[in-house]
Amino acid sequence: MTSFFRAPFVRALAGLVLTVFLLSGCESLPTLQPVTDVNAAWRKHQQDLSKFSHWTIYGRISIRADEDAWHASVVWKQQPRQFDIRFMAPLGSGNVQLVSDGQMAALYSPGQKTRVDTDAENLLYRHLGWRVPVSGLRYWAVGLPDPEMPAKQALDDQGRLASLLQSGWDIDFRRYRKVGKTWLPDKIFMKNQQLEVRLVIDRWEMAANLGS
């Protein structure tokens with residue numbers, strides 16, 4: 001892991017950022033009546049999400065492993081086979097841009113050589129020292145399981161994902177918000193045996209299927 005993650009001032013700052021991260025976004029949401037058939041509602045929810053192929057999220061991410069932690073703002077632009085993810089850490093301590101065209105991925109960081117790989121998660125691992133679940137997050141961010149991997153899921157009383165076990169990750173969908181007519185997650189907690197990852201989404205932008 002690169003040295004800036006272990007610097008004392010970054011750890012102190014990380015503690016402050018984590019406090020803000022956990023306390024922010026605590027707005028009260030209207031109480032919804034449970035739907036009659038959660039499975040039917042889930043199928044309808046999946047159909048609604050299938051209408052969108054281009055989305056952008058603006059939010060914050062926290063990654064923790066034992067005593068090491070990293071926190072950043074994140075802007076994630078996703079298309080069917082392409083993505084552009086930008087992590088902006090406090091004081092510029094670890095700004096990262098990860099892009100992929102669906103075949104190759106590249107990682108850019110100030111003052112460092114551009115890294116290229118066929119696997120985006122490998123690139124982040126080589127840079128951060130942690131395996132962030134990029135491939136799964138593409139689906140989990142919108143409240144869906146990765147269709148290519150086996151999963152065990154539980155639905156809430158609105159027919160949306162409440163929790164998910166997939167690819168060695170335990171994903172907890174803590175909160176949803178309505179974007180247009182579609183309910184999308186805005187607080188997702190994920191953990192496996194090595195990491196805890198928390199994603200808070202402050203703003204969604206969704207675009208209907210436009211082709212790739």
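This report walks through a predicted protein model, from its overall make-up to a helix, a set of strands and one aspartate.

**The whole protein**

Let's start with the broad picture. The protein has 4 helices and 11 strands. Of its 212 residues, 45% are buried. If you look at contacts between residues at least 6 apart in sequence, 47% of them join residues at least 24 apart. The protein exposes about 11,300 Å², and carbon and sulfur atoms supply 52% of that area.

**Helix 2 and its buried side**

Now find helix 2, which covers residues 38-49. This helix has 12 residues and reaches 16 Å from its first C-alpha to its last, close to the 16 Å expected at 1.5 Å a residue. Which residues of helix 2 are buried? They are Ala 41, Trp 42, His 45, Asp 48 and Leu 49. These residues lie on the same side of helix 2, because they cover an arc of only 120° around the axis. A general rule helps here: an α-helix has 3.6 residues a turn, so residues three or four places apart point the same way.

What do these buried residues pack against? Their partners are strand 1 (52-65), strand 7 (151-155), strand 8 and strand 10. At the N-terminal end of helix 2, Asp 37 acts as a cap, with a side-chain oxygen 3.1 Å from the backbone nitrogen of Asn 39.

**Strands 8, 9 and 10**

Strand 9 pairs with strand 8 and also with strand 10. Here are the two pairings side by side.

| Strands | Direction | Bridges | Positive phi in the hairpin |
|---|---|---|---|
| Strand 8 (residues 161-166) and strand 9 (residues 169-179) | antiparallel | 4 bridges | Ser 167, near 55° |
| Strand 9 and strand 10 (residues 182-191) | antiparallel | 9 bridges | Gly 180, about 65° |

The hairpin of strand 8 and strand 9 has 2 residues between the strands, and the hairpin of strand 9 and strand 10 also has 2 residues between them. You can trace the pairing residue by residue: Gln 166 has Trp 169 in strand 9 as its bridge partner, while Asp 172 stands opposite Phe 189 in strand 10.

**A closer look at Asp 156**

Asp 156 sits in the loop between strand 7 and strand 8. Is this residue buried or exposed? Asp 156 counts as buried because its relative accessible area is 17%, under the 20% cut-off.

Its side chain reaches the backbone nitrogen of Gln 158 at 2.9 Å. A polar atom of the Asp 156 side chain also lies 3.1 Å from the backbone nitrogen of Gly 159. Leaving aside neighbours within four places in sequence, Asp 156 is in contact with Val 38, Ala 162 and Tyr 176.

Methods:
Residues numbered from 1 in each chain as written. Predicted model: local features only at pLDDT ≥ 70, side-chain atom pairs only at ≥ 80, totals over all residues. Heavy atoms only, no water. Buried < 20%, exposed > 50% of the residue type's maximum accessible area, 1.4 Å probe, protein only. Contact = heavy atoms within 4.5 Å. Areas by Shrake-Rupley, 256 points an atom, 1.4 Å probe, with all protein chains shown as cover. Pairing = 2+ DSSP bridges. Expected span 1.5 Å × (residues − 1). Arc of directions from axis to C-beta. Polar contact = N/O pair within 3.5 Å; in protein donor to acceptor, adjacent residues only side chain to side chain.
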